[in-house]
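Here are some short exercises to work through with the structure open beside you. Try each task yourself before you read its solution.

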Amino acid sequence: MNMSEAKRVTEFILLTFPCSRDVQILLFLLFSVSYILTLMGNGAIVCAVKVDHRLHTPMYLLLANFSFLEICYINSTIPNMLTNFLSESKAISFTACFLQFYFFFSLGIAETFLLPLMAFDRYLAICQPLHYPTIMNNRLCINLVVLCWVTAFLCYPVPIYFITQLPFCGPNTIDHFVCDPGPLLALSCIPAPGIELSCSLLSSFIIFITFFFILASYTLVLRAVFRVPSGAGRRKAFSTCGSHLVVVSLFYGTIMMMYISPNSGNPAGTQKIVTLIYSSVTPLINPLIYSLRNKDMKAALRKIQKCTKISQD
């Protein structure tokens with residue numbers, strides 16, 4: 001039997017969170033509210049940066065792009081998860097599953113590239129303040145952002161192509177709410193240690209390189225901050241970087257648990273909770289983390305709120 005004859009599976013079943021019908025409806029309502037709040041919070045940051053010309057600086061352009069990325073990121077998983085809560089079949093086609101896999105991972109990789117870029121921006125602003133305006137201008141910032149997006153979407157097409165060529169002849173049930181490489185490789189009719197190893201090495205390489213770049217950037221930032229003579233200057237520098245460090249800790253802490261090894265033996269429940277944290281919870285709280293600690297962002301959001309009230313009147 002060749003590959004084309006063996007590959008009989010035309011759809012997968014995403015179990016999401018197996019529970020009673022009443023609990024499924026409750027989860028649907030809970031995640032619907034979370035989804036709407038995430039869209040509103042991140043959308044408000046994008047609008048604030050676009051409307052307020054004072055925020056047309058590399059730092060806020062990166063933040064607006066990061067918020068836009070978070071909107072795309074949750075849209076790769078949450079709408080399908082909400083549909084599954086109300087669906088009896090919970091089916092997703094073979095093609096749709098691998099498209100979700102591609103966009104979910106590509107957007108996740110884009111985030112791992114954007115976070116180091118934001119750390120590099122803070123390093124330049126704090127450690128090289130005199131040269132910062134000439135080094136990190138808006139044009140360079142936009143070019144680097146485009147490079148992050150393009151590179152991220154070029155990382156996984158080849159591994160995903162090889163996974164699609166594996167024979168999936170049943171069962172087709174994925175105990176997850178997203179098409180993830182670990183559960184997918186487990187459903188293959190033949191073992192694929194080479195593909196599993198390549199996915200693990202690629203994920204590990206991207207995660208560790210970007211994480212150590214962030215670590216090195218903030219090590220230099222902390223050295224510079226401790227040399228600042230005034231306490232007010234140190235507090236301002238810590239406030240500027242604190243929100244970014246919180247986001248980095250949440251994101252990298254969870255993805256390291258999941259993707260250093262796709263089949264690391266984590267129970268399905270643990271995998272779902274960890275994935276939920278970095279794919280849904282983090283995008284929800286990011287607007288709060290960034291806006292509550294930033295006076296300029298709070299002022300821009302208040303300005304939008306006033307304009308909205310005036311237009312309604």
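**Exercise 1.** In which helix does Asp-296 lie? Then decide whether Asp-296 is buried, exposed or partly exposed.

*Solution.* Keep in mind that this is a predicted model.
Step 1: find residue 296; Asp-296 belongs to helix H13.
Step 2: look at the relative accessibility of Asp-296, which is 44%.
Step 3: apply the cut-offs: buried means under 20%, exposed means over 50%, and partly exposed is in between. Asp-296 therefore counts as partly exposed.

**Exercise 2.** Which residues does Asp-296 contact, leaving aside its neighbours within four places in sequence?

*Solution.* Step 1: set those neighbours aside, and Leu-55 and Tyr-60 are in contact with Asp-296.
Step 2: now compare sequence with space for another pair. Asp-52 is 244 residues from Asp-296 in sequence, yet their C-alpha atoms are 9.7 Å apart.

**Exercise 3.** Which residues gather in a patch of positive charge on the surface?

*Solution.* Step 1: pick out Lys-295, Lys-298, Arg-302 and Lys-306, which make up this patch.
Step 2: place one of them, Arg-302, in helix H13, which covers residues 295-312.
Step 3: check its exposure: Arg-302 has 46% relative accessibility, so Arg-302 counts as partly exposed.

**Exercise 4.** Which residues form a nonpolar patch on the surface, and what is their accessible area together?

*Solution.* Step 1: the patch consists of Val-33, Ile-36, Leu-37 and Met-40, and together they have about 390 Å² of accessible area.
Step 2: locate Met-40 in helix H2, residues 21-51.
Step 3: with a relative accessible area of 54%, Met-40 is exposed.

Notes: Residues numbered from 1 in each chain as written. Predicted model: local features only at pLDDT ≥ 70, side-chain atom pairs only at ≥ 80, totals over all residues. Heavy atoms only, no water. Patch = residues over 30% accessible without salt bridge, like charges linked within 9 Å, V, L, I, M, F, W, Y side chains within 5 Å. Areas by Shrake-Rupley, 256 points an atom, 1.4 Å probe, with all protein chains shown as cover. Salt bridge = Lys/Arg side-chain N within 4 Å of Asp/Glu carboxyl O. Lys, Arg positive; Asp, Glu negative; His and termini not counted. Charge placed at Lys NZ, Arg CZ, Asp CG, Glu CD. Helix = DSSP H or I, 4+ residues; strand = E, 2+ residues; numbered from the N terminus. Buried < 20%, exposed > 50% of the residue type's maximum accessible area, 1.4 Å probe, protein only. Contact = heavy atoms within 4.5 Å.
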